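Visitor: I should like to examine a single part of this structure closely. Would you please guide me through it step by step?

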Amino acid sequence: MSNQNKDILYGLYNDEEYLLKAVDHANAEGLEITEVFTPFPVHGLDPKLGFAESRLHITGFVYGMLGTLTAFLFMTWVFTRDWPIIFGGKPYFSAPAFIPITFELTVLFAAVGMVVTFYIICGLGPGVTIPTLDDRITDDKFCIAFDVTNAEESLTEKLKGFFSQTGAAEVNTKNI
């Protein structure tokens, strides 16, 4: 919902079971759902909305491998070329001694990289304000939203009927 000045018709549900049934009903009727908001992950919702599995785990692996290589190559360079000191009779290149720092940098790079990637993908960052439909969506309500900006009155009435059929607790319209 990055475009401004959209008219959004949304219904609030009290339970995720009603939400899942409503999504099934909307798919059966061929209604185009703009967005679904939930306060926690709802299992089985992604396939019903037609979402494919996220590829973010691939980027997490890449960031982790970058951290592993950074740590391992830096320690190799330090202990063999820049500052070669023998500790307790160990050789200059002692891979088992490198493991703790390598693990820590792997986790650090993966965590920081994934946070930055998530913020970029979601369009978030310092100074960005995201309009919300209803403050209760992040607390205890479930929401299905439809874009009715250029919709005919008959479609709006059909959507309101859809919400009443599927057990929505509230139906509201908001311009964001």
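**The aromatic cluster**

Guide: In this predicted model, let us start from Phe-146, which is buried, with a relative accessible area of 2%. Its partner Phe-162 is likewise buried, at 1%. The ring centres of Phe-146 and Phe-162 are 5.8 Å apart and their planes stand at 90°, so the pair is edge-to-face; the angle is over the 60 degrees required for that name. Phe-146 belongs to strand β3 and Phe-162 to helix α5, so the pair ties together parts that are 16 residues apart in sequence.

A search of the whole structure finds nine aromatic pairs. Another of them joins Tyr-13 and Phe-163, with 6.5 Å from centre to centre and 55° between the planes, a tilted arrangement. This pair links distant parts of the chain, since Tyr-13 is in strand β1 and Phe-163 in helix α5, 150 residues apart. Tyr-13 counts as buried because its relative accessibility is 0%, and Phe-163 counts as buried because its value is also 0%. Together, Tyr-13, Phe-146, Phe-162 and Phe-163 form one aromatic cluster.

The elements that carry these rings also meet helix α1, which covers residues 16-29. The buried residues of α1 are Leu-19, Leu-20, Ala-22, Val-23 and Ala-26. Seen down the helix axis, they fall within an arc of 160°, so they line one face of α1. These buried residues pack against several elements, including β1, β3 and α5. On the other side of α1, Lys-21 and Ala-28 are exposed.

Methods: Residues are numbered from 1 along each chain as its sequence is written. This is a predicted model: local features need pLDDT of at least 70, side-chain atom pairs count only at pLDDT 80 or more; totals for chains, interfaces and linings use all residues. Side-chain values use heavy atoms; hydrogens and water are left out. Helices (H or I, at least four residues) and strands (E, at least two) are DSSP runs, numbered from the N terminus. The expected span of a helix is 1.5 Å times one less than its number of residues. Buried means under 20% relative accessible area, exposed over 50%, partly exposed in between (1.4 Å probe, protein chains only). The arc is that of the directions from the helix axis to the C-beta atoms. Contact means heavy atoms within 4.5 Å. Rings of Phe, Tyr and Trp (its six-membered ring) pair if their centres lie within 6.5 Å; planes under 30 degrees apart count as stacked, over 60 as edge-to-face and the rest as tilted.
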